[in-house]
Amino acid sequence: MEQSDLDLIKKHAKDNNPLDRLYKDHLRLEKEIEDIQSIRIKSPEDEKKLRKLKKVKLEGRDKMEQIFLTLQ
């Protein structure tokens, strides 16, 4: 995530519950993705979950981008 986005989150998350929730979800998803990626030999279920987590993370990122547009 770019520094300008992090600055917007830091500045507005307290007053913007959806942004705060999306950012917390983003961090949680990032951690889950890293955990799965650290598995040396992934099962098909791991690969499926990884794809799903990345998709959900991207959808959340898109929603944050929409919020950023209203804040600038």
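1. The expected span of a helix is 1.5 Å times one less than its number of residues. In this predicted model, the rule can be applied to helix H2, whose 21 residues should span 30 Å at 1.5 Å a residue, and the end C-alpha atoms of H2 are indeed 30 Å apart, which agrees with that expectation.

2. The burial pattern along H2 deserves a look of its own, since Leu 19, Leu 22, Tyr 23, His 26, Leu 29, Ile 33 and Ile 36 are buried there. These residues cover an arc of only 145 degrees around the axis, which puts them on the same side of H2. The face of H2 turned away from this buried side carries Asn 17 and Lys 24, both exposed. As general background, an α-helix has 3.6 residues a turn, so residues three or four places apart point the same way.

3. Helix H1, covering residues 3-12, can be read in a similar manner: Asp 5, Leu 8, Ile 9 and His 12 are buried in it. Seen down the axis of H1, the buried residues fall within an arc of 100 degrees, so they line one face of the helix. Turned away from that buried side is a face of H1 on which the exposed residues Gln 3, Lys 10 and Lys 11 are carried.

4. Two packed helices are described by the angle between their axes and the distance between the axes. For H2 (residues 17-37) and H3 (residues 44-71), the axes come within 9 Å and cross at roughly 155 degrees. Because angles over 145 degrees count as roughly antiparallel, H2 is roughly antiparallel to H3. The crossing in which H2 passes H3 is left-handed, and the residues of the contact between the two helices divide into 14 nonpolar, three polar and eight charged.

5. Is Arg 61 buried or exposed? Arg 61 has its place in helix H3, and its relative accessibility is 17%; since buried means under 20%, Arg 61 counts as buried. The C-alpha atom of Arg 61 is separated by 7.4 Å from that of His 26, although the two residues are 35 residues apart along the chain; His 26 is itself one of the buried residues of H2.

6. Leu 71 is also worth a remark, being found in helix H3. With a relative accessibility of 25%, Leu 71 counts as partly exposed, because that class lies between the 20% and 50% limits. Between Leu 71 and Gly 60 there is a separation of 11 residues in sequence and, C-alpha to C-alpha, of 17 Å in space.

Note on methods: Residues are numbered from 1 along each chain as its sequence is written. This is a predicted model: local features need pLDDT of at least 70, side-chain atom pairs count only at pLDDT 80 or more; totals for chains, interfaces and linings use all residues. Side-chain values use heavy atoms; hydrogens and water are left out. Axes are lines fitted to C-alpha atoms, for helices over the stretch in contact, and angles run from 0 to 180 degrees between N-to-C directions. Helices (H or I, at least four residues) and strands (E, at least two) are DSSP runs, numbered from the N terminus. Angles under 35 degrees count as roughly parallel, over 145 as roughly antiparallel, 65 to 115 as roughly perpendicular and the rest as oblique. A crossing is left-handed if the near helix is turned anticlockwise from the far one by less than a right angle, and right-handed if clockwise. Ala, Val, Leu, Ile, Met, Phe, Trp, Tyr, Cys and Pro count as nonpolar, Asp, Glu, Lys and Arg as charged, and the others, Gly among them, as polar. Buried means under 20% relative accessible area, exposed over 50%, partly exposed in between (1.4 Å probe, protein chains only). The arc is that of the directions from the helix axis to the C-beta atoms.
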